[in-house]
Amino acid sequence: MCQGSAESTCGEAVSLEERLAFTVTPLWRLSYEEQLQWKQEQQHKILIQMSNHLEQDSSLTSSKGELAFPVLPIVPSPVRNGYRNKSTFSINKGVDGNPKTVGFYIGTGKGRNIVCIHGDHLLNIPSKHKLVGRSYEDFIRTSPLKPCLLFHDGGHWREITVRTNSAGNTMAIVYFHPQNLSPNEIDVHKESLVEYFQKGPGTVCQLDSLYFQESTMTRCSHKDSPYQLLYGEPHIYEEILGLKFRISADSFFQVNRAAAEALYMTVGDLSKANEQGTLLDVCCGTGAIGISLSSRLKKVIGIELIEQAVEDAKYNAALNGIQNCEFLSGKAEVVLPNMLATMHSEKALTAIVNPSRAGLHYRVIRALRNNPNIQRLIYISCKPEGEAMRNFKELCGKTDLKRKLTGKAFTPRIAVPVDMFPHTPHCELVLVLER
């Protein structure tokens with residue numbers, strides 16, 4: 001079996017489109033069964049590495065390098081193609097040299113070999129997203145304004161993000177660098193954007209929402225630079241496990257809805273939630289995990305950095321008639337230690353953490369480790385071989401007085417990979433820690 005790479009496949013040169021496919025979806029030439037087998041083996045290797053990092057604790061690994069806890073078979077994604085509900089298209093020079101090409105680029109700025117390729121052939125992106133990307137390209141090519149490829153080089157038009165739901169609703173978010181334009185000058189171009197998508201050729205996209213964000217940096221939060229609704233509905237809605245969730249322009253939501261249901265059901269089964277228990281949902285996003293488990297629990301407390309996501313989480317709980325959920329806004333490393341210090345009476349605490357690839361802040365780890373009431377912790381990691389490895393060592397390693405890790409160590413009990421991202425090397429790893 002020859003899977004190939006971004007540069008060659010079985011010794012033969014590949015096209016730019018194939019290079020892009022190998023960059024975005026490296027496993028695209030494997031059958032889905034082969035992809036699952038490969039991911040299962042990779043997660044097993046990562047867990048062996050994790051166990052070996054835990055102070056060489058002999059209770060976790062045997063002399064043969066086998067795990068002391070089971071890794072269940074990977075949970076497959078119910079949908080394999082076109083599963084992404086959020087895609088961001090970049091702008092750069094295309095194969096023909098046109099700097100107003102919308103797609104995904106390969107190459108590097110350092111290597112001065114960046115080229116932007118249309119993503120029409122990519123397996124994980126739905127056709128609706130590709131249509132919006134192509135339409136945006138047509139629009140900016142008729143605009144007198146230049147694209148913003150490098151901030152210091154000027155230009156205005158930047159990426160476009162497309163969000164869709166299972167009902168077919170579509171939200172587009174256009175990012176724009178104002179440079180030295182006045183608000184009145186910017187308004188002219190906003191009006192032309194609305195005209196294009198509402199009455200012009202862009203009507204084929206049937207956008208339900210069109211947002212615009214003026215951004216002078218790579219990524220801006222709504223707080224830094226508000227998302228401006230140019231027309232349409234302010235939100236789209238998605239249904240997960242029979243519950244309805246509101247999605248804002250910048251809210252985090254799992255990119256694969258069907259696989260998210262499989263993930264939440266897996267977490268629910270592993271959480272052993274009970275009606276006397278309290279769940280701490282750290283990095284809760286729009287509250288999907290906590291809300292989906294709330295009927296089994298006495299109380300859910302969610303913590304999330306992005307304020308808009310917290311507003312969505314509160315709204316989602318009310319929308320579904322759920323009254324035992326509380327959502328707090330702020331940095332987890334600030335909110336969680338202070339909150340746990342006041343929760344001495346809670347004896348049935350379970351924590352679920354679902355951080356970004358950067359893992360959890362050390363102060364969050366210390367607060368979880370040092371609270372004796374937390375007997376079960378479920379760590380959901382999208383990159384367990386990265387910074388999460390440090391987290392695992394801090395949660396499960398020996399007492400470290402110097403770093404104030406004085407609580408009893410957690411022990412890994414069971415792991416379950418969940419395939420959220422077919423055709424890519426990535427999957428979510430659900431790891432249950434107990435003490």
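**Chat: the sheet and a pocket**

Student: What's the strand order in the open sheet, and how are the strands paired?
Tutor: This is a predicted model. Its open sheet has seven strands, running E5-E4-E3-E6-E7-E8-E9, with mixed pairing.

Student: Which are the edge strands?
Tutor: Strand E5 (115-117) and strand E9 (228-232), each of which pairs on one side only. From one strand to the next, the twist averages 35°.

Student: OK, how do E4 and E5 pair?
Tutor: Strand E4, residues 101-106, is antiparallel to E5, with three bridges between them. Within that region, Ile 106 sits opposite Val 115 in E5.

Student: And helix H1, which strands does it touch?
Tutor: Helix H1 (residues 16-24) packs on the sheet and touches E4 and E5. Its direction is at about 70° to that of E4.

Student: What about helix H3?
Tutor: Helix H3 (residues 127-142) also packs on the sheet, touching E3, E4, E6 and strand E7 (170-176). The direction of H3 makes about 155° with that of E6.

Student: Switching topic: how much space is in the second largest pocket?
Tutor: About 590 Å³.

Student: Which residues lie nearest its centre?
Tutor: Ile 91, Asn 92, Cys 148, Leu 149 and Leu 150, out of 22 lining residues.

Student: Which strands supply at least two residues of that lining?
Tutor: Strand E3 (86-92) and strand E6 (157-164). E3 gives the largest share, three residues.

Student: And what's the lining like by class?
Tutor: The second largest pocket is lined by nine nonpolar, seven polar and six charged residues.

Definitions and conventions. Residues numbered from 1 in each chain as written. Predicted model: local features only at pLDDT ≥ 70, side-chain atom pairs only at ≥ 80, totals over all residues. Heavy atoms only, no water. 1 Å grid on protein atoms, 1.4 Å probe; cavity = no way out; pocket = protein on both sides within 12 Å on 5 of 7 lines; lining within 4 Å. Points joined across faces, edges and corners; volume = space filled by probe spheres on them. Helix = DSSP H or I, 4+ residues; strand = E, 2+ residues; numbered from the N terminus. Nonpolar A, V, L, I, M, F, W, Y, C, P; charged D, E, K, R; others polar. Pairing = 2+ DSSP bridges. Axes fitted to C-alpha atoms, helices over the stretch in contact; angles between N-to-C directions. Contact = heavy atoms within 4.5 Å.
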